[in-house]
Amino acid sequence: MDSFVPCKSPGVDGIFPALLQEGREVVILYLVRIFHACLATGYVPAIWRQVEVVVIPKPGKNSYSGPRDYRPISLTLFLLKTMERLVDRYLRDKVLALVPLHPNQHAYQAWKSVTTALRQLIVCVEKALDQQETNLGVFLDIEGSFNSTCYVTTCDALVRDDSDCTILWWIRATLEGCVVVATLNESYVRLAIYIGCPQGGVLSPLLCAWW
């Protein structure tokens, strides 16, 4: 809980990280029991599955007339995010330690970034130039990767890499039955989502990279 910015925007429950951080001595024992129960039953409380979406205009657009001109940011509950961080630590320390992602996967991995990807590309190009060879490069941009993530494919990847079934059930429960609430043009919108990972979710980057 201490890793969150204290006054970061909360989810629909209105609980700021600062409230959890300042009241840790009181709430931790209760949270541990709740987290254990959620994992044991593969259940996620209904309010945890409510995601408030804030729409932010993308910079550099000539007009803002279409949905792709905006970036949706999901405000999930920090109680859920706390549990997601624990699950994320398990996946990275236990599962990916034995079956790591492909070495050429630079996104959403510790000590890797766009910079390390560019360095790897430069090394390949310089090697080809030194040896007077030709390099063939293929560049793939997955449009809307978060929005297009398939639950079945993600869960299949977790099963393939021997993730604990209890963790698998809980992750699937967090993704399935997600409800998005938003205010658009002074209208309140409530929609059920059946595909994709929430933008801003703690586990979303890893799950998108995994499948």
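This passage walks through the aromatic pairs, one charge over a ring, and the surroundings of Asp88 in a predicted model.

Start with the rings. The structure has 3 aromatic pairs. One of them brings together Phe35 and Trp48, in an edge-to-face arrangement with the planes at 70° and the centres 6.2 Å apart. This pair links distant parts of the chain, its members being 13 residues apart: Phe35 belongs to helix α2 (residues 24-41), while Trp48 lies in the loop between α2 and β1 (50-57). Both partners are tucked away from solvent: Phe35 has a relative accessibility of 8%, so it counts as buried, and Trp48, at 5%, is buried too.

Tyr64 and Tyr70 make another pair, with 5.7 Å between ring centres. Their planes meet at 55°, so this pair is classed as tilted. Here the burial picture is one of partial exposure: Tyr64 has a relative accessible area of 35% and is partly exposed, and Tyr70, at 26%, also counts as partly exposed.

A ring also features in a contact with a charge. The charged end of Lys81 sits over the ring of Phe78, at 4.6 Å from the ring centre.

Then there is Asp88, found in helix α3 (residues 78-98). Despite its acidic side chain, Asp88 counts as buried because its relative accessibility is 13%, and the cut-off for buried is under 20%. The Asp88 side chain makes a polar contact with the side chain of Arg92, at 2.9 Å. Leaving aside residues up to four places away in sequence, Asp88 touches Val202, Leu203 and Leu206.

Note on methods:
Residues numbered from 1 in each chain as written. Predicted model: local features only at pLDDT ≥ 70, side-chain atom pairs only at ≥ 80, totals over all residues. Heavy atoms only, no water. Phe/Tyr/Trp six-rings, centres within 6.5 Å; stacked < 30°, edge-to-face > 60°. Helix = DSSP H or I, 4+ residues; strand = E, 2+ residues; numbered from the N terminus. Buried < 20%, exposed > 50% of the residue type's maximum accessible area, 1.4 Å probe, protein only. Lys NZ or Arg CZ within 6 Å of the ring centre and 35° of its normal. Polar contact = N/O pair within 3.5 Å; in protein donor to acceptor, adjacent residues only side chain to side chain. Contact = heavy atoms within 4.5 Å.
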